[in-house]
Amino acid sequence: MKVSAYPNPQFKRKDYELLNGEWDFGFKKRSRGFRFSKGFERAAEVYKTNGYPYKINVPFCIESELSGIGYTGFVEQVWYRKRVNIKKDGRRVFLHIGAADYITSVLVNGKPVGRHRGGYTSFAFEITDYVKDGKNELFIYCEDDVKSSLVPRGKQSEKLKSHGCDYTRTTGIWQSVWLEYTPEEYIKGFRLYPDINGRVTVSADFEGKADFSCSAYYDGKQVGKGEVKGAAGNTILQLELDETHLWEVNNGRLYDLELTFGRDKVKSYFGLRSLRLDGMKFLINEKSVFQRLVLDQGFYKKGIYTAENDDELKRDIELSMELGFNGARLHQKVFDPRFLYFADMAGYLVWGEYPNWGLDYSDAKSIDVFLAEWGEAVERGFNHPSIIGWCPFNETWDYKGRRQYDPLISTVYDYTKAVDKTRPCIDTSGNFHVKTDIFDLHDYRYKADEFKESYDRFVSENYLYQHVLNDNPNRQTYGGEPVFISEYGGIKWASDSKISSWGYGKDVKTPEEFAERYCGLTDAISSNEKLFGFCYTQLYDIEQEQNGLYTYARECKFDDGIYEKIKASNEKKAAIE
């Protein structure tokens with residue numbers, strides 16, 4: 001099985017070659033005293049001396065069934081080789097890697113061309129000067145160590161086996177690999193600034209100098225065009241649109257966009273929508289929108305971090321919307337651009353997050369690790385209308401007995417707001433807030449009457465229940481920000497009796513009891529005039545965590561009657577609307 005679609009629909013060129021499929025492969029299990037290499041020396045040594053005893057199906061990680069290997073022990077090094085035919089024809093040549101965990105070194109025809117640190121974001125190296133017409137050899141080498149305090153692992157288990165809410169690891173390449181060809185002068189990148197009054201501003205960066213033009217289309221009809229002669233460096237172009245179609249919840253209404261710079265052509269798209277906080281409300285296109293979200297962690301039974309195909313990516317959005325959710329927290333992972341593309345198309349709200357678990361957020365040195373990749377994540381996601389906010393950290397509990405380093409949290413918040421002024425930022429979801437636009441809470445109390453009573457007090461007395469303050473005094477203070485219950489529920493209903501299941505709260509004994517608890521907790525949030533949204537934990541089971549609304553294989557856990565009750569509760573008109 002191959003992941004065969006173009007990897008980044010927001011930045012698509014015609015001249016590319018997808019390299020997914022079979023690669024020569026080797027790996028080394030984790031050894032004592034392993035340390036990350038500081039340069040290309042180890043990669044070059046592996047390239048010269050190590051063999052390729054396996055074949056692997058890229059872009060699936062070694063731990064996954066779809067890779068063709070399925071080894072789930074600790075792995076510290078993986079390496080890949082592929083021979084490809086290249087015809088330059090006077091063009092520049094770039095090698096793109098969607099994501100590879102964690103430090104990646106690339107050699108082309110035995111020569112080092114680039115290194116990237118970070119397991120979740122896309123990167124590319126220009127290899128024009130390293131390739132020749134005809135056969136060429138690509139070598140990709142990755143190092144990973146989930147036990148390191150300077151490696152963000154997200155929900156990858158730091159123990160040999162999965163446990164609690166940590167799951168099977170991902171090592172090496174886990175998103176598409178492709179070659180891309182450009183003219184000598186080319187578009188390096190661009191940002192899109194939509195205006196619901198019927199215009200879009202394009203801020204583009206170029207290599208070289210050439211005429212630049214943009215054309216916008218809606219349903220195949222050209223509705224806007226602009227041009228700049230002799231553009232270079234950074235150029236800003238504003239398109240006035242003949243027709244205004246707003247991107248809204250459940251209605252993507254995307255415009256197509258074509259950008260031309262000399263002989264370089266890129267296809268993209270955009271959605272017209274605005275975001276703004278107003279008192280306790282979250283406004284989209286100047287309307288209060290109640291966020292009916294579900295936690296989506298981006299794990300797949302056969303591919304782990306990687307969906308088998310586009311249908312798997314789309315199916316999670318469809319399952320969510322069928323139950324009356326209008327979006328998701330994309331939790332502890334930077335999601336595939338193709339997932340975001342389908343969210344954009346569907347009018348599906350998502351929060352962009354980062355897999356901070358595993359990183360020592362009590363250590364000031366972590367800021368260098370964090371900002372480097374977080375900046376790439378924000379930049380890559382900037383043009384997606386579906387992303388309505390950023391959340392760099394999640395639950396910064398004490399790290400091995402040490403409190404979080406507050407300047408790290410506040411610096412990342414400030415950086416995020418400096419890079420993207422168009423979206424709100426939650427500094428650290430649940431706890432411990434330092435500097436934030438939104439005060440969100442994780443509340444796994446399971447008694448619906450107590451749950452409702454405490455948030456009713458928020459309306460009547462301005463008393464906001466914060467269990468982290470009760471258990472960890474002097475860690476955060478509510479300052480009047482808009483409030484979001486960004487995790488709750490997590491009701492366990494085991495779909496796999498063969499494994500020891502895990503979930504939140506007291507177990508329910510019948511599907512009817514499950515529905516009653518779900519509806520009681522959800523209604524308590526939506527009926528509260530000072531809460532702008534909820535996020536239920538979670539959409540589907542993942543391995544031993546059996547608190548999903550569907551199984552890990554995305555099969556139904558309940559009959560239609562139970563799902564109808566869940567949907568009805570989700571779709572109730574919220575007080576804040």
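How many aromatic pairs does the structure hold? The structure, which is a predicted model, holds 52 aromatic pairs, and the close-up views below show some of these rings together with two charged side chains placed over ring faces.

**View 1. The tilted pair of Phe282 and Phe532.** The ring centres of Phe282 and Phe532 lie 5.6 Å apart, with 45° between the planes, and the pair counts as tilted because this angle is neither under 30 degrees nor over 60. Distant parts of the chain are linked here, since Phe282 belongs to strand 19 (residues 281–284) and Phe532 to strand 29 (residues 531–537), 250 residues apart. Phe282 has a relative accessible area of 0% and is therefore buried, and Phe532, at 0% relative accessibility, also counts as buried.

**View 2. The edge-to-face pair of Trp374 and Trp390.** With ring centres 5.7 Å apart, the planes of Trp374 and Trp390 stand at 85°, so the pair is edge-to-face. Trp374 lies in helix 4 (residues 366–381), whereas Trp390 lies in strand 24 (residues 387–391), and the two are 16 residues apart. Trp374 is buried, with a relative accessible area of 0%, and Trp390 is buried with a value of 2%.

**View 3. The cluster that includes Trp374 and Trp390.** Ring pairs join these two residues with Tyr120, Tyr167, Trp174, Phe299, Tyr305, Tyr354, Phe370 and Phe393 into a cluster.

**View 4. Charges over the rings of Phe335 and Tyr540.** Lys333 lies over the face of Phe335, at 5.1 Å from the ring centre, while Arg554 lies over the face of Tyr540, at 3.4 Å from the centre of that ring.

Definitions and conventions
Residues are numbered from 1 along each chain as its sequence is written. This is a predicted model: local features need pLDDT of at least 70, side-chain atom pairs count only at pLDDT 80 or more; totals for chains, interfaces and linings use all residues. Side-chain values use heavy atoms; hydrogens and water are left out. Rings of Phe, Tyr and Trp (its six-membered ring) pair if their centres lie within 6.5 Å; planes under 30 degrees apart count as stacked, over 60 as edge-to-face and the rest as tilted. Helices (H or I, at least four residues) and strands (E, at least two) are DSSP runs, numbered from the N terminus. Buried means under 20% relative accessible area, exposed over 50%, partly exposed in between (1.4 Å probe, protein chains only). A charge sits over a ring if NZ of Lys or CZ of Arg is within 6 Å of the ring centre and within 35 degrees of the ring normal.
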